Amino acid sequence: MFTIVCAALVLGMPGLSRSQPEQGDRVIFIDAGHGGSDLGVKIGDRGYEKDLNLRLALALRKELVAAGFRQVSLTRNSDQDLSIKERSELIRKTNPALVISLHANGGFSGKARGYELYFPGFKTGKEGRNDPAAIIGDMTKNKHLNDSVRVAQHIQRQLAGIFPRENRGLRDAPLPLLEGLNVPAVIVEIGFMTNKENRKKIEDEKVRMDIARAIARGIREGI
Ligand SMILES: [Zn+2]
């Protein structure tokens with residue numbers, strides 16, 4: 001569960017031109033949400049979101065490496081307590097090309113289902129500023145915003161093959177994890193653990209590998 005205040009739906013945002021540096025040289029940073037005493041959403045009577053997020057993160061790392069990304073980092077690779085501040089610090093030190101944070105959703109009834117994606121709503125400065133440093137800072141933020149949206153859209157398209165007609169949309173949100181950082185980022189809420197069909201799929205190891213592969217493809221296409 002990733003608590004947010006929803007902002008505007010972003011649909012059809014135009015993609016920016018792509019640069020094509022060596023894919024393998026880019027650092028991809030995977031954040032498995034929650035961990036340790038921070039359990040996340042309860043998954044039936046069989047565990048918690050934190051474990052699912054970790055399994056998916058490890059699978060995603062494997063798929064990214066297979067896709068040619070040589071540098072893939074994780075905020076955690078075991079069941080450990082890790083504060084938002086500690087996660088942010090790890091990301092800051094690595095200076096990644098993309099942060100991908102993995103979560104699973106929970107709802108009040110069993111009806112809500114499907115995947116949803118978020119990207120950080122980077123605030124840019126006031127228009128009409130004459131300070132070159134501020135203008136360049138705003139341009140960088142805009143680029144990261146566009147990078148985030150483009151990667152998220154590719155991931156959405158890939159996930160549609162696994163969860164047909166279950167795309168709940170792409171939204172911007174303030175991400176505490178990225179406060180003070182300026183990097184492209186996407187949060188994936190992979191499905192609702194309170195929905196029987198979603199839960200069954202996500203708990204299936206084969207489907208989980210398919211999900212990891214789909215996310216890795218989305219990253220490769222979008223970055
Ligand atoms: Zn979560």
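This report describes the sheet, the helices packed on it and selected residues of a predicted model.

## Sheet architecture

The model contains an open sheet of 6 strands, in the order β2-β1-β3-β6-β4-β5, with mixed pairing. Its edges are formed by β2 (71-74) and β5 (167-173), each of which pairs on one side only. From one strand to the next, the twist averages 20 degrees.

Within this order, β3 is flanked by β1 and β6. Strand β1 (residues 27-32) pairs with β3 in the parallel sense over 5 bridges, and A32 stands opposite L102 of β3. On the other side, β3 and strand β6 (residues 185-192) run parallel and are joined by 6 bridges. I100 has V186 as its bridge partner in β6, while N105 stands opposite F192 of β6.

## Burial of strand β3

Strand β3 spans residues 98-105, and 8 of its 8 residues are buried, so the strand is largely enclosed by the rest of the structure. In a regular strand, side chains alternate between the two faces of the sheet. In β3, L98, I100, L102 and A104 point one way, whereas V99, S101, H103 and N105 point the other way. The residues of both sets are buried, and the second set includes S101, H103 and N105 beside V99.

## Environment of I28

I28 belongs to strand β1. This residue is buried, because 26 other C-beta atoms lie within 10 Å and the cut-off for burial is 20 or more.

Leaving aside residues up to four places away in sequence, I28 touches L64, F69, V72, P96, A97, L98, I100 and I219. Among these contacts, L98 and I100 are residues of β3 that point one way from the strand, and I219 is one of the α5 residues in the contact with α3. For V72, the C-alpha atom is separated from that of I28 by 4.9 Å, although the two residues are 44 apart along the chain.

## Helices on the sheet

Helix α3 (residues 132-159) lies across β3, β4 (115-120), β5 and β6, and runs at about 170 degrees to β4. Helix α4 (residues 196-203) lies across β3 and β6, with an angle of about 115 degrees to β6. Strands β3 and β6 are thus crossed by α3 and also by α4.

## Packing of α3 against α5

α3 also packs with helix α5 (residues 205-222), at an angle of about 140 degrees and with the axes 8 Å apart. The crossing of α3 and α5 is right-handed. On the α3 side the contact is made by R150, V151, Q153, H154, I155, R157, Q158 and L159, and on the α5 side by A214, I215, R217, G218, I219, E221 and G222. By residue class, the contact of α3 with α5 comprises 6 nonpolar, 5 polar and 4 charged residues.

## Positive phi values in loops

N95 has a phi near 50 degrees, a positive value in a residue other than glycine. N95 is placed in the loop between α2 (84-94) and β3. It counts as exposed because it has 10 C-beta neighbours inside 10 Å.

R165 likewise has a positive phi, near 55 degrees, and is a residue other than glycine. Its position is in the loop between α3 and β5. With 7 C-beta neighbours inside 10 Å, R165 is therefore classed as exposed.

Terms used. Residues numbered from 1 in each chain as written. Predicted model: local features only at pLDDT ≥ 70, side-chain atom pairs only at ≥ 80, totals over all residues. Buried ≥ 20, exposed ≤ 12 C-beta atoms within 10 Å, placed from the backbone. Helix = DSSP H or I, 4+ residues; strand = E, 2+ residues; numbered from the N terminus. Pairing = 2+ DSSP bridges. Axes fitted to C-alpha atoms, helices over the stretch in contact; angles between N-to-C directions. Contact = placed C-beta atoms within 7 Å. Left-handed = near helix turned anticlockwise from the far one by under 90°. Nonpolar A, V, L, I, M, F, W, Y, C, P; charged D, E, K, R; others polar.
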